[in-house]
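Colleague: I have a protein–DNA model open and want to learn how to read it. Walk me through it feature by feature.

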4 protein chains.
Amino acid sequence: MSQEQGSKAAEGGPRESERRRTILRAAVDVFASKGYHGCRIADVAREAGVAYGLVYHYFKNKDELLETVFETGWSGFFARVRAVAQGEGTLEQKVHGITTVAFEAYRVDPRAVKVLIVEIARSPGGRVNRQTAFMDAIQLCEEMLSRAQAAGELRPEVDPKLAAALLFGNIEMGFTALVFGMVDPRDPEKMERARRQIAGSFLYGVLARDADPEAPWSKDQEKSAARSKVARRS
Amino acid sequence: MSQEQGSKAAEGGPRESERRRTILRAAVDVFASKGYHGCRIADVAREAGVAYGLVYHYFKNKDELLETVFETGWSGFFARVRAVAQGEGTLEQKVHGITTVAFEAYRVDPRAVKVLIVEIARSPGGRVNRQTAFMDAIQLCEEMLSRAQAAGELRPEVDPKLAAALLFGNIEMGFTALVFGMVDPRDPEKMERARRQIAGSFLYGVLARDADPEAPWSKDQEKSAARSKVARRS
Amino acid sequence: MSQEQGSKAAEGGPRESERRRTILRAAVDVFASKGYHGCRIADVAREAGVAYGLVYHYFKNKDELLETVFETGWSGFFARVRAVAQGEGTLEQKVHGITTVAFEAYRVDPRAVKVLIVEIARSPGGRVNRQTAFMDAIQLCEEMLSRAQAAGELRPEVDPKLAAALLFGNIEMGFTALVFGMVDPRDPEKMERARRQIAGSFLYGVLARDADPEAPWSKDQEKSAARSKVARRS
Amino acid sequence: MSQEQGSKAAEGGPRESERRRTILRAAVDVFASKGYHGCRIADVAREAGVAYGLVYHYFKNKDELLETVFETGWSGFFARVRAVAQGEGTLEQKVHGITTVAFEAYRVDPRAVKVLIVEIARSPGGRVNRQTAFMDAIQLCEEMLSRAQAAGELRPEVDPKLAAALLFGNIEMGFTALVFGMVDPRDPEKMERARRQIAGSFLYGVLARDADPEAPWSKDQEKSAARSKVARRS
DNA sequence: CATGAATGAGAGTTCATTCAT
DNA sequence: CATGAATGAACTCTCATTCAT
């Protein structure tokens, strides 16, 4: 997706038209603030500072524009989640890794995340792509959880599919809390605490509890901090 | 809601117009299947089997119709949640009660819940009411959690507001899983297991663990099941 | 029009239903304040304090309602104008009489006059009745003027038809001045002065001047004629 | 207006869109024949030979279209009237000038005048502009008459404001007579005679009568009658 | 590439009119 | 007589999409 280098412009333009990206960027912003249905192509064009006929040079129609916004935003997120889910580490590490990916995405581009969450993930009658994509992520985590379960990290009575859904439910609710202004996104410490609570809450609910007498996010910050990122299992 | 007797004002007083309820019901169904933006007033009218203009006899405009769908659905849900949150019982019982209320609502009228979740709770630029209502519920739970925290039921380092949000995040994601077809709503046992996982997952994450060494979904099912306040039928 | 003694009840009901008159009255008021097109039947009904289905008991449709408002208001006015125009007296007396009738009508029921002037006399594509009625009045005055012309009261070169139209033009503009608030209708003296100026202005323009050899506004007729800037043809 | 050359901005600068003018022209015609309320935007579009939506490309809504029709027609008329009223000449010359401006406007574009008179000047609940504009013209003439009165041209007992209103009342009634078909607009001579009767009628009513100390409609009819203005040719 | 005028189907809303009670 | 729920045609306005320049 990012390698569209074959420039159509003759001289030597880089991968993707500058204009196209401008429009995409504008679309993210406008969708985020007014919603997909609440905005007009003209709004996107104005935000991008181009004539609105130009939008149709780069995108077949409004829906494809939304689709592209989705792809662009989602593919990066998905790739990072997959890297974590299929990489090395304990389940705990992976869960913290996934939440970190999510929160980082929000920090970098909250608007894009908002569009993903609000406009796309739940749009009724959504195109196949979107539902599929969302399911893909859950599927990915389900597999991760199944492997963990097989390895004894996850309690056997937990349903991996539902647990995967809940993981994203937690993440999404965290975002919602951000979007609704319940947490100040500019306070890194609060953000990190929220993230840890989300990951921790999930983990407590599903982790096998054979060997961990300790509190998830005990007063002993060092300890808990140490746990989050790196993982350790005594 | 279930007593549709023939006469207009036979037994229960003046009530609400039969037709008005028919339209409201149709609106719920149409919104649920095609989304607010994707449906036309004509669809609602056809679904209700009434003339186009009659919708406007009972509702000022499309938006007020949505608003009313919201109020109608939400107020009942909210009242039940409040009864549980402000009633008697341990935090654990209450959390199980709240999730039970939510799942019961879904069982009774999945379409209405879908509209609440998909169309309203997240609609961008939503009317004050909707956002407020959602916040109200979280506020309610926050207070419940604060009291529990003061009583030592909740670990002190947990942020009640965020925890309240996460509780609803869990519930909502459970619904989403249902809506997306990940759990078959007609299988009561699966439903109950999902509910218990959601409640349990949340509780594990926040409960003080001095007094309850036991797992919520331990083998000893009777106990935890018994706690489920609302929908238990011993 | 003024003898509405009868009771509404069946036993001794006179000519017209009480309710019907109430509705008619309301129609006059509503038409006067919001215009024919700007109001709904519901407005008339509300103003009259009746259910709006009732309007259709007494009037076939909205247009007939307007028509009736017109007839009711116009017939009285027309009858009085005719009495003056076809009665005894000099042309001067008659003209003063006609203006007096008009101003009196305004004093008694300004709203009705406003409807007559604003809504009916000039409505485009008006029904035959309305135009006819207006023309009838002009016709009436034309005949009056023709007789006066034959009697030497009117200068021979004056066109009676145009003069008749101008008479009503003067009257109407006087009303317009009232409607627009340029003259306070509650000041009888000002009203009378306005009326006299209107009648006088008209009379000056058309009366025969047997004994006035002098030019109206300059001794030198040629000169003044020559002054007519644009359209003069020496 | 008459130079419809092919190119968009060939000779006269940027101007106004050709299409916009076409639509405006069509609006005048349609309003004139069916009235503002009686016509649909579709009628205007069809008359103009353009697509429905284009009307909304150039005008915000139906009301703005009417407003623009008004401005366009009125501003030209008003400017000409002002040029006369504030220019050089005797009161008599000016009054003749003003009536000439009005009749000329009718000759050039009777439809536009009809819309001005029938649809706008009297529309109930009209926008500020319209009423204001009408008042402006009367105000203009009132000032003209006041100056004339100070100069002794106007009889002192005449109220300039009312007289100004009556002048326009006369003019307007002349138009009405034309609109109603009482005078054939294609007969220049009849038109001119009507115009002169209107101007003369007004002048007789208000001009100072240096040689006539008597009341306008005194008992001494002969004298006052003598002043008839319209058509005498010594 | 870029522009924005032009198109027209579609949707929300109004309201005159009917009719069962 | 009286009521107001019910009907649906008509109309305004929007906006995605096309296309000539």
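Colleague: How many aromatic pairs does the structure hold over all chains?

Modeller: Some ground rules come before the count. This is a predicted model, so local features need pLDDT of at least 70, side-chain atom pairs count only at pLDDT 80 or more, and totals for chains, interfaces and linings use all residues. Residues are numbered from 1 along each chain as its sequence is written, chains are lettered from A and ligands numbered from 1 in the order in which they are written, and side-chain values use heavy atoms, with hydrogens and water left out. Over all chains there are 17 aromatic pairs. Rings of Phe, Tyr and Trp (its six-membered ring) pair if their centres lie within 6.5 Å. Planes under 30 degrees apart count as stacked, over 60 as edge-to-face and the rest as tilted.

Colleague: Which class does the pair A:F70 and A:W74 fall into?

Modeller: A pair of aromatic rings is described by the distance of the centres and the angle of the planes. A:F70 and A:W74 are stacked, at 5.8 Å centre to centre with 15 degrees between the planes.

Colleague: Where do A:F70 and A:W74 lie in chain A?

Modeller: Both sit in helix α4 (residues 62-85), four residues apart, about one turn of the helix. Helices here are DSSP runs (H or I, at least four residues), as are strands (E, at least two), numbered from the N terminus.

Colleague: Is A:F70 buried or exposed? And what about A:W74?

Modeller: Burial is read from relative accessible area: buried is under 20%, exposed over 50%, partly exposed in between (1.4 Å probe, protein chains only). A:F70 is buried at 4%. A:W74 is buried as well, at 10%.

Colleague: What does chain D show for D:F70 and D:W74?

Modeller: D:F70 and D:W74 form a stacked pair, 5.9 Å centre to centre and 15 degrees between the planes. They are about one helical turn apart because four residues separate them in helix α4 (residues 62-85) of chain D. D:F70 is buried, with a relative accessible area of 5%. D:W74 is buried, at 10%.

Colleague: Which residues form one aromatic cluster with A:F70?

Modeller: A:W74, A:F77 and A:F78 join A:F70 in one cluster.

Colleague: Which residue lies over the face of B:Y36?

Modeller: The test for a charge over a ring is that NZ of Lys or CZ of Arg is within 6 Å of the ring centre and within 35 degrees of the ring normal. B:K62 lies over the face of B:Y36, 4.7 Å from the ring centre. In chain D, D:K62 lies over D:Y36 at 4.6 Å from the ring centre.

Colleague: Now the DNA. Which residues come nearest to DNA strand F?

Modeller: A residue is near a strand if one of its heavy atoms lies within 4 Å of it. There are 28 residues around DNA strand F, and B:H57, B:Y58, C:Y58, D:Y52 and D:Y56 come nearest. Sugar and phosphate account for 66% of the strand F atoms that come within 4 Å of the protein.

Colleague: Which side chains have an N or O atom by a phosphate oxygen of DNA strand F?

Modeller: A polar contact is a pair of N or O atoms within 3.5 Å; within protein, one must be able to donate a hydrogen and the other to accept it, and residues adjacent in sequence count only if both atoms are side-chain atoms. The side chain of C:R19 is one of them, at 2.9 Å. C:Y58 has a distance of 2.8 Å. A polar side-chain atom of D:R40 lies 3.1 Å from a phosphate oxygen of strand F.

Colleague: Which element gives the largest share of the surface near DNA strand F?

Modeller: That is α3(C), with five residues.

Colleague: How does DNA strand E read, and which residues come nearest to it?

Modeller: Of the 30 residues around DNA strand E, A:R19, B:Y52, B:Y56, D:H57 and D:Y58 come nearest. Sugar and phosphate make up 69% of the strand E atoms within 4 Å of the protein. Phosphate oxygens of strand E lie 2.8 Å from a side-chain N or O atom of A:Y58, 3.3 Å from one of C:R40 and 2.4 Å from one of D:Y58. The most residues on the surface near strand E, five, come from α3(A).

Colleague: How many helices and strands are in chain A?

Modeller: Chain A has 10 helices and zero strands. Of its 234 residues, 52% count as buried.
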